[in-house]
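The following exercises concern charged pairs, cysteines, nonpolar cores and strand pairing. Each task is followed by a solution in steps.

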Amino acid sequence: CKLTSFCSYWQSASTQSPQAAIDDDTRTGRCWSFPSQAGQLGIVLQAPIYPSSVTIDHISRVEAADIGLAPRRMILWGLVDGALNLERFQSLNLSSSSFPFISGRDGPPQRLPQFTFAPLAELEYDIDAEASVQTFPISPLYSNAAIDFALIVLEVLSNWGSASTCLYRVRIHGEEAFDSGGLNTP
């Protein structure tokens, strides 16, 4: 719960748990709903990977009673874990102009202060696109630097206008890292 918003809310309300956002059941209403336009979801991967893309699923505009519940602007963060990964990350010398959404920020709002997070991708889900399943690339900076990640945080910065947000499904794609530079995940 340390990296997922509204943990106490879903435990006391009649709503789906954050687990719904990583399950493959994307029928209407089978989403993780949280009571805000912004929030975040922490995802622990089965094994460290070199991420290549992230897919965000939502129901189509036609199926949605309120398309404003769909996430809009998001940042995908990766926990930089292990000495080798941290060394590779620091050698990138990232500037805030590399990622406009995160200007003046250095990590997810509910991060663990003793850890470093890398901004893997900035996403904008398009409710007017033909496809309700949309895939976004991870910044090639990380694949070129051979940094692997085992813990990911999807931070939703805004939605399409509703008071709450629904995450239907989040999928992280990439190649398994057999020679991981990390594995000291919290």
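Helices (H or I, at least four residues) and strands (E, at least two) are DSSP runs, numbered from the N terminus. The model is predicted, so local features need pLDDT of at least 70 and side-chain atom pairs count only at pLDDT 80 or more, whereas totals for chains, interfaces and linings use all residues. Residues are numbered from 1 along each chain as its sequence is written, and side-chain values use heavy atoms, with hydrogens and water left out.

**Exercise 1. Locate A146 and describe its backbone and its exposure.**

Step 1. A146 is found in the loop between α3 and β6.

Step 2. The phi of A146 is near 55 degrees, a positive value in a residue other than glycine. Most residues other than glycine have a negative phi.

Step 3. Buried means under 20% relative accessible area, exposed over 50%, and partly exposed in between (1.4 Å probe, protein chains only). A146, at 26% relative accessibility, counts as partly exposed.

**Exercise 2. Determine how many salt bridges the structure has, and examine those of D57.**

Step 1. A salt bridge requires a side-chain nitrogen of Lys or Arg within 4 Å of a carboxyl oxygen of Asp or Glu. A search of the whole structure finds six.

Step 2. D57 forms a salt bridge with R169, with the closest N and O atoms 3.9 Å apart. D57 lies in strand β2 (residues 39–57) and R169 in strand β8 (residues 169–176), so this pair ties together parts that are 112 residues apart in sequence.

Step 3. D57 also forms a salt bridge with R171, where the closest N and O atoms are 3.0 Å apart. This pair likewise links distant parts of the chain, with R171 in strand β8 and D57 in strand β2, 114 residues apart.

Step 4. D57 is buried at a relative accessible area of 6%, while R171 is partly exposed at 25%.

**Exercise 3. State how many disulfides the structure holds, and assess the burial of C31 and C166.**

Step 1. A disulfide is a pair of cysteine sulfur atoms within 2.5 Å. The structure holds zero disulfides.

Step 2. C31 counts as buried at 5% relative accessibility, and C166 is buried with a relative accessible area of 8%.

**Exercise 4. Identify the residues that touch the most other members of the largest nonpolar core, and the element that gives the most to this core.**

Step 1. A nonpolar core is a set of buried Ala, Val, Leu, Ile, Met, Phe, Trp, Tyr and Cys residues joined through side-chain atoms within 4.5 Å. The largest has 39 residues, of which I56 and L76 touch the most other members.

Step 2. Elements that each supply at least two residues of this core include β3 (73–80), β4 (116–124) and α3 (140–145). β2 gives the most, with six residues.

Step 3. Contact means heavy atoms within 4.5 Å. Not counting residues up to four places away in sequence, I56 touches, among others, M74, L123, L154 and R169.

Step 4. A second, separate core of seven residues includes W77, L79, F117 and L151.

**Exercise 5. Describe the burial and strand partners of β6.**

Step 1. β6 is mostly covered, as eight of its eight residues are buried.

Step 2. Two strands pair if DSSP finds at least two bridges between them. β2 and β6 pair in the antiparallel sense over seven bridges, and L41 has L154 in β6 as its bridge partner.

Step 3. β3 and β6 also run antiparallel, joined by five bridges. M74 stands opposite V156 in β6.
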